[in-house]
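Biologist: Before I rely on the labels attached to this model, I would like to hear the reasoning behind them. Please show me the structure first.

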Amino acid sequence: MFLNHGSFGACPRHILELQTELRRQMEAEPVQFLWRRYEERLEPARRAVAGLVGAQARDLVFVTNATTGVNAVLRSLNLRRGDELLTTSHDYNACHNALVETARRAGARVVTARVPFPLRGPDQAIETVLRAVTRRTRLALIDHVTSNTALVLPVARLIRELERRGVETLVDGAHAPGMVPLNLARLAPAYYAANLHKWVCAPKGAAFLWARADRQKSLQPAVISHGNNTPRPGYTGFQDRFDWAGTLDPTAWMCAGAAIEWMGKRLPGGWPAVQQTNHALAVKARRLLCQQLDLAAPCPEQLLGAMATLPLPDRFQGRPKSGKIDAEQLRLYDEFRIEVPFVRLKRPPRRYFRISAQLYNSLADYEYLARALKEVEPQGGP
Ligand SMILES: Cc1ncc(COP(=O)(O)O)c(C=O)c1O
């Protein structure tokens, strides 16, 4: 039972078959595929992604994952000693590490706004972030949908308020495309990095970076290749630099349009119906788990997308971790065949689990999870 679409997505068989066919063509005629006629397959995919996320195709480039997009932006910043990079306590560890390394090299500082969890509502998140802004804040990294805590943060209001204070925003939208409605042209942060291999269900390695027109000139990819001195007619310098990151398998990018089309046809109402259906299931599943396991919901339903994080029942609390993955999480998989991530938050120290809801899930999956969580024995001494 797969209750962890959020971590790595799941790619439909139909799209994987298309990718296999594209790979066959690439290996049969690599120069045609990767060089001479590269753009022919890339452009329709770029246009389809731009359409889904409310962007102009010229402002959007493919990258292999959200981490790469975030790294590209952070490494392109021209920081001065003493500058501050703002983030929240809900950021994703890999991106936090990128912030720390960027700051270390420049003699800058990472400032973490401690957004509480449990969270009362969007205003509490906004107030906490804005309170951490100082004269020295250069950029804020804001997750659109947080990873461990599964909160849909009020990014539109945050971007506006941060801009008013002279702070540019890098949105980490790793989970957002396909999970929540997106209109990047309207949202208009400085930068938006996101995955397509999660909720759009494209093959692994499909992600994008969007940059506002006024920020594109100074952006360099995480991997610098030919683009800096190899312009193509009809392309922006931003696209030239990012469209070729050295030889790699671009078929995941080329399948993005087909994934958008295929997923959009699963329900008569198209993508809006997919997003509403997954959200409604996540809400119902969370209510069910709260009721069955006597848990308090840590945030209002309005902050949920297609995932929800809940505290583990009390008998699981206070038990130290001994390996990479919590022993009870492993048992849920080994004994019950349930794939669901466990999460440890530090302040205050508390253990949680996160559910995802995708079209292949139903309420019965979460009933089964509730039963399994009642049965599985906590491991390690409290
Ligand atoms: C908020 C957030 N940012 C970044 C990432 C990293 O995604 P990737 O490993 O595809 O770069 C994730 C992955 O789960 C995430 O949840």
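Modeller: Helices and strands here are DSSP runs, a helix being H or I over at least four residues and a strand E over at least two, numbered from the N terminus. The model is predicted. With that numbering, Pro118 lies in the loop between β3 (109-113) and α7 (122-131).

Biologist: What makes the peptide bond from Phe117 to Pro118 stand out?

Modeller: That bond is cis, with omega near 5 degrees. Another cis bond runs from Arg347 to Pro348, where omega is near -5 degrees. Pro348 is in the loop between β9 and β10 (350-356).

Biologist: What is notable about phi of Ala150?

Modeller: Phi is near 55 degrees there, a positive value in a residue other than glycine. Ala150 belongs to the loop between β4 (137-143) and α8 (155-164).

Biologist: Which residues are closest to the ligand?

Modeller: Thr67, Asp172, His175, His197 and Lys198 are the closest of the 14 residues that surround the ligand. By class, this shell holds five nonpolar, six polar and three charged residues.

Biologist: Why is the pair between Thr67 and the ligand called a polar contact?

Modeller: A polar contact is a pair of N or O atoms within 3.5 Å. A polar side-chain atom of Thr67 is 2.5 Å from an oxygen atom of the ligand, so the pair meets the cut-off. For His175, an N or O atom of the side chain is 2.9 Å from a ligand oxygen, and this pair therefore qualifies too. Ala66 contributes a backbone N or O atom, 3.3 Å from an oxygen atom of the ligand, so that pair also counts. Taken alone the ligand exposes 390 Å², and the protein buries 88% of that.

Biologist: Where does the ligand sit?

Modeller: In the largest pocket. To say so, more than half of the ligand's atoms must lie within 2 Å of the pocket's grid points; the ligand is assigned to that pocket, so this condition is met.

Biologist: What lines the largest pocket, and what is its volume?

Modeller: The volume is about 1,700 Å³. Of its 48 lining residues, Tyr92, Asn93, Ser147, Asn148 and Val343 are the closest to the centre. Elements giving two or more residues to the lining are α1 (5-8), α5 (66-76), α6 (93-106) and β9 (342-345). By class, the lining has 16 nonpolar, 18 polar and 14 charged residues.

How values were computed. Residues are numbered from 1 along each chain as its sequence is written. This is a predicted model: local features need pLDDT of at least 70, side-chain atom pairs count only at pLDDT 80 or more; totals for chains, interfaces and linings use all residues. Side-chain values use heavy atoms; hydrogens and water are left out. A residue is near a molecule or strand if one of its heavy atoms lies within 4 Å of it. A polar contact is a pair of N or O atoms within 3.5 Å; within protein, one must be able to donate a hydrogen and the other to accept it, and residues adjacent in sequence count only if both atoms are side-chain atoms. Accessible areas come from the Shrake-Rupley method with a 1.4 Å probe; for residues, only the protein chains shown count as cover. On a 1 Å grid over the protein atoms alone, a cavity is a set of points where a 1.4 Å probe fits but cannot get out, and a pocket is an open set with protein on both sides within 12 Å along at least five of seven lines; lining residues have an atom within 4 Å of a point. Ala, Val, Leu, Ile, Met, Phe, Trp, Tyr, Cys and Pro count as nonpolar, Asp, Glu, Lys and Arg as charged, and the others, Gly among them, as polar. Grid points are joined across faces, edges and corners, and a volume is the space filled by probe spheres set on the points.
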